[in-house]
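Colleague: I should like to learn how to read the features of a protein structure. May we go through one example together?

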Amino acid sequence: MVIVLREGTTDRDVGELVARLHEVGAEAHVSRGEFRTVIGVIGDRERVMQMPLEAYPAVEKVVPIMKPYKLVSREFKDEPTVITVGDARIGGGGFTVIAGPCSVENEEQVVEAAHAAREAGAALFRGGAYKPRTSPYSFQGLGEEGLAMLARARDETGLPVVTEVLDVRDIEVVARYADVLQVGARNMQNFLMLRDLGYQEKPVLLKRGMSSTVEEWMMAAEYILKEGNKNVILCERGIRTFETGTRNTLDISAVPAVKNASHLPVIVDPSHATGVRELVAPLCKAALAAGADGVMVEIHPNPREALCDGPQSLTVSGFRAMMDELAELAAFLGRE
Ligand code: PEP
Ligand code: MN
């Protein structure tokens with residue numbers, strides 16, 4: 001449930017209520033908005049309801065949260081979550097572009113891609129050092145060596161780095177180098193990893209599982225928020241359908257559906273959704289028009305030589321052209 005407090009409630013009043021909630025064994029998540037403070041309460045409903053909550057002068061009303069997910073829901077927090085990483089902002093009205101190669105291959109490739117990303121207007125740089133591959137014989141990524149290359153690309157360009165953490169045992173090393181920790185589609189329901197990502201402080205980019213419903217995706221985010229990390233970016237990356245012409249099917253309707261259901265920022269990854277370079281720009285525009293907070297796309301200085309996902313990677317000039325088109329559409333829609 002959510003306890004909505006009256007305007008002008010002091011920190012002391014909030015502290016008192018939180019202490020009482022703890023006494024009955026409930027978790028209290030305080031969220032201070034511009035006008036209102038609310039306390040999200042998670043615990044034994046019966047015990048909490050026995051407290052004379054409405055008798056506290058600071059309490060305006062008590063509202064049950066009907067959804068199975070609580071902390072990620074709009075009922076818990078109506079104001080959009082804005083995540084700041086270096087100079088980049090995700091959420092809160094702007095449209096943020098994350099770009100970079102599928103995987104880190106060598107220092108030259110990464111640094112060249114990072115410069116191209118920055119020059120065309122990307123706000124963050126992506127690249128995988130630990131790759132989830134369908135075949136154990138495919139390139140698996142450079143591991144920590146790759147992370148160090150990403151960090152050098154950040155030092156040269158100033159772009160914060162997003163990279164995937166594939167295994168719970170790697171959280172610490174990935175968090176040492178990266179600015180945003182990505183959970184891939186295949187790990188969306190790795191609940192122990194989600195929990196541990198909730199303990200650390202770096203923002204998490206949580207991809208939707210390819211066979212997961214929106215509700216399951218929200219529950220996965222809830223695992224992270226529950227442990228204290230409130231900085232989660234949701235990423236729609238396509239779901240499995242009967243269609244074979246594209247790698248997956250981009251569920252564009254998930255964007256407004258999630259915006260209605262949650263305060264967390266939502267971005268779209270049309271590269272993995274389609275697997276087809278020519279479809280990336282049109283779907284980035286669809287994402288912008290549907291109200292997404294940004295996109296993540298794969299780019300490569302030489303897609304033909306890419307060790308992973310070459311056919312869906314934009315060339316540097318293709319990426320520049322797409323960014324120009326997105327800027328025009330953003331201006332038309334009154335977005336930044
Ligand atoms: C990726 O972004 O590098 C990736 C592997 O994507 P997904 O987990 O969506 O397949
Ligand atoms: Mn890829």
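Colleague: Leaving aside its neighbours within four places in sequence, with which residues is threonine 246 in contact?

Modeller: Please keep in mind that this is a predicted model. Contact here means heavy atoms within 4.5 Å. Threonine 246 sits in the loop between β12 (232-236) and α8 (254-261), and beyond its sequence neighbours it is in contact with Ala273, Thr274 and Leu279. A polar atom of the threonine 246 side chain also lies 2.7 Å from the backbone oxygen of asparagine 248.

Colleague: Is threonine 246 buried or exposed?

Modeller: A residue is called buried under 20% relative accessible area. Threonine 246 has 19%, and therefore counts as buried.

Colleague: How should I read a metal site, and which residues coordinate the manganese ion (ligand 2)?

Modeller: One looks for the atoms that act as donors to the metal. For the manganese ion (ligand 2) these come from Cys102 (SG), His272 (NE2), Glu298 (OE) and Asp309 (OD), at 2.0 to 2.4 Å. Their spacing in sequence is C-x169-H-x25-E-x10-D. Distant parts of the chain are linked in this way: cysteine 102 belongs to the loop between β7 (96-100) and α3 (107-120), whereas glutamate 298 belongs to strand β14 (residues 294-298), 196 residues apart. Cysteine 102 and glutamate 298 are both buried.

Colleague: Where is aspartate 309 found, and what is its phi?

Modeller: Aspartate 309 lies in the loop between β14 and α11 (316-333). Its phi is positive, about 60°, although the residue is not a glycine. Aspartate 309 is also buried, because its relative accessibility is 15%.

Colleague: How many disulfides are there?

Modeller: To find them, one compares the distance between two cysteine sulfur atoms with a cut-off of 2.5 Å. By this rule the count is 0.

Colleague: Why does cysteine 308 not form a bond with cysteine 102?

Modeller: The sulfur of cysteine 102 is the closest cysteine sulfur to that of cysteine 308, but the distance is 3.0 Å, so it is too far for a bond. Cysteine 308 is buried, with a relative accessible area of 5%. For cysteine 284, the closest cysteine sulfur is in cysteine 235, 11 Å away, and therefore too far for a bond. Cysteine 284 counts as buried because its relative accessibility is 0%.

Colleague: How should I read a helix, and which residues of α7 are buried?

Modeller: An α-helix has 3.6 residues a turn, so residues three or four places apart point the same way. In α7 the buried residues are Trp217, Met218, Ala220, Ala221, Glu222, Ile224 and Leu225. Helix α7 (residues 214-226) has 13 residues and spans 18 Å from its first C-alpha to its last, close to the 18 Å expected at 1.5 Å a residue. Just after α7, glycine 228 has a positive phi of about 120°.

Colleague: Which residue shares a polar contact of 2.7 Å with the side chain of arginine 154?

Modeller: A polar contact is a pair of N or O atoms, judged by their distance. Arginine 154 is placed in helix α4 (residues 144-157), and its side chain makes this contact with the side chain of aspartate 179. Among the other residues in contact with arginine 154 are Leu159, Pro160 and Tyr177.

Colleague: Finally, which domains does the assignment give?

Modeller: The domain assignment of the chain lists domain 1 (2-63) and domain 2 (83-333). Their centres, taken over C-alpha atoms, are 36 Å apart.

Notes:
Residues are numbered from 1 along each chain as its sequence is written. Chains are lettered from A and ligands numbered from 1 in the order in which they are written. This is a predicted model: local features need pLDDT of at least 70, side-chain atom pairs count only at pLDDT 80 or more; totals for chains, interfaces and linings use all residues. Side-chain values use heavy atoms; hydrogens and water are left out. Helices (H or I, at least four residues) and strands (E, at least two) are DSSP runs, numbered from the N terminus. The expected span of a helix is 1.5 Å times one less than its number of residues. Buried means under 20% relative accessible area, exposed over 50%, partly exposed in between (1.4 Å probe, protein chains only). Domain bounds come from an automatic or database domain assignment. Donors are N, O and S atoms within 2.8 Å of the metal (3.2 Å for Na, K and Ca); water is not among the atoms, so sites may look incomplete. A polar contact is a pair of N or O atoms within 3.5 Å; within protein, one must be able to donate a hydrogen and the other to accept it, and residues adjacent in sequence count only if both atoms are side-chain atoms.
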